[in-house]
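Grab a pencil and work through these exercises with the viewer open. Try each task yourself before you read the solution.

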Amino acid sequence: MSEDDLVSRAQWGNLENQNWAVLVRLSTEEDDDEPVGEPSEGGRRRGPMTGRDIESTKEQERDGRDYIARHGGTCVHIYHEPDTSAWRKKRVRLPDGRVVYRVVRPVFEGTLEDLKSGRVSDGQRLDGLIVYDIDRLTRDNRHLEDAIDVVERHRRPIIDINGSFDLLTENGRATARVVVAMSNKQSADTARRVRRKHRALEREGIPTGGARPFGWQDDKRTLHPVESELLREAALGILGGAPVRAYPVRWNEADVTTPRGSTWNPTKLKMVVRNPRICGIRSRKVRTLNPDAGTRTNAGRPSTGTMANQSVGSGKPYLKSSARTCNPATDTTPASTC
């Protein structure tokens with residue numbers, strides 16, 4: 001079968017005797033209606049997914065397989081991209097030493113390379129790629145142009161299930177460029193609204209979503225009568241030279257669990273006692289400029305003027321109404337701040 005025939009047959013929805021793959025992606029883009037929660041102890045920050053019409057990668061995979069089967073093709077591979085943003089850029093260093101900002105998607109880039117070679121990793125022939133819609137493929141114009149090159153130069157079709165884009169024709173490619181540009185803007189607008197919303201929450205001293213922290217009630221402001229005392233005991237003991245590992249062992253023996261119901265270990269406890277929240281401070285990312293190199297570095301830390309029981313950058317109380325310097329070695333109040 002000629003490569004031109006692959007593209008022309010894909011235009012008519014004829015996938016008979018062809019091997020196709022499915023690309024499924026779950027996004028970590030932040031939604032302005034659902035604040036991103038603080039990570040639980042031992043966990044990592046993860047934002048809610050976008051693409052609300054797509055429940056999960058399993059549904060994307062199922063729909064892709066069904067589409068290929070209905071049109072007479074064979075699904076030979078599934079490319080999974082879990083927790084992957086198609087918009088957010090990262091700082092990368094190119095082989096020539098230059099530093100640039102790019103959307104990093106190794107699975108997507110590997111998929112395009114397989115399409116160019118016409119083979120998947122296990123050696124089976126690969127004729128084309130199915131995605132759910134254009135948002136699952138990309139929200140970055142550079143990556144779109146890479147996908148267009150695969151279709152236009154290597155004659156490997158990339159099609160979607162619901163007809164939101166067409167990379168097989170000139171008019172379709174022009175439309176896809178406009179749609180991706182608007183999707184990129186939508187992601188940028190959402191990120192801006194999320195940042196503004198969290199700045200407002202910081203100023204007002206309002207906790208964000210996510211699981212409650214150890215030592216506090218569900219409202220994240222009221223102290224838990226048992227956990228707060230355990231946390232105070234651990235903090236004072238560690239400051240006094242006690243081994244960190246002693247407290248997780250003791251808590252596990254007493255059936256004290258994390259807010260999510262899991263057992264304790266030294267790593268989880270370290271994250272709790274090192275969290276600025278233990279002094280009533282809400283932390284945020286601070287970017288510092290290196291004037292010599294002209295680069296910025298990120299450091300998650302509270303703002304200057306660290307005061308207990310206050311949110312970052314405001315005079316509004318975060319946990320209690322009073323604000324005072326945190327000194328866990330001499331503080332005699334309930335285990336609220338130290």
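Before we start, a word on vocabulary: helices (H or I, at least four residues) and strands (E, at least two) are DSSP runs, numbered from the N terminus. This is a predicted model, where local features need pLDDT of at least 70 and side-chain atom pairs count only at pLDDT 80 or more, while totals for chains, interfaces and linings use all residues. Residues are numbered from 1 along each chain as its sequence is written, and side-chain values use heavy atoms, with hydrogens and water left out.

**Exercise 1. Find the open sheet of four strands and work out its order and its edges.**

Step 1: Read the order across the sheet, which is 2-1-5-6, with parallel pairing. (Two strands pair if DSSP finds at least two bridges between them.)

Step 2: Look for strands that pair on one side only; these edges are strand 2 (74-81) and strand 6 (158-160).

Step 3: Zoom in on strand 1 (residues 19-25), which runs parallel to strand 2 and is joined to it by seven bridges. Here V24 stands opposite H80 of strand 2.

Step 4: Check the twist: on average, neighbouring strands of this sheet are turned by 25 degrees against each other, direction ignored.

Step 5: Add helix 2 (residues 57-70), which lies across strand 1, strand 2, strand 5 (128-131) and strand 6. Helix 2 runs at about 160 degrees to strand 1. (Axes are lines fitted to C-alpha atoms, for helices over the stretch in contact, and angles run from 0 to 180 degrees between N-to-C directions.)

**Exercise 2. Describe how helix 5 (residues 141-154) packs on helix 6 (residues 170-204).**

Step 1: Two packed helices are described by the angle between their axes and the distance between the axes. For helix 5 and helix 6, the angle is about 165 degrees and the axes are 10 Å apart.

Step 2: That makes the two helices roughly antiparallel, a label for angles over 145 degrees (under 35 is roughly parallel, 65 to 115 roughly perpendicular and the rest oblique).

Step 3: Now the handedness: helix 5 passes helix 6 in a right-handed crossing. (The near helix is turned clockwise from the far one by less than a right angle; anticlockwise would be left-handed.)

Step 4: List who touches whom, with contact meaning heavy atoms within 4.5 Å. Helix 5 brings N141, L144, E145, I148, V151 and E152, and helix 6 brings E170, R173, A176, R177, V180 and A181.

Step 5: Sort these contact residues by class, and you get six nonpolar, one polar and five charged. (Ala, Val, Leu, Ile, Met, Phe, Trp, Tyr, Cys and Pro count as nonpolar, Asp, Glu, Lys and Arg as charged, and the others, Gly among them, as polar.)

**Exercise 3. K220 and D255 each have a positive phi; decide whether each one is buried or exposed.**

Step 1: Most residues other than glycine have a negative phi. K220 has a phi of about 65 degrees, and the phi of D255 is near 60 degrees.

Step 2: Place them. K220 lies in the loop between helix 6 and helix 7, and D255 in the loop between helix 8 and helix 9 (266-274).

Step 3: Compare with the cut-offs: buried means under 20% relative accessible area, exposed over 50%, partly exposed in between (1.4 Å probe, protein chains only). K220, at 8%, is buried, whereas D255, at 67%, is exposed.
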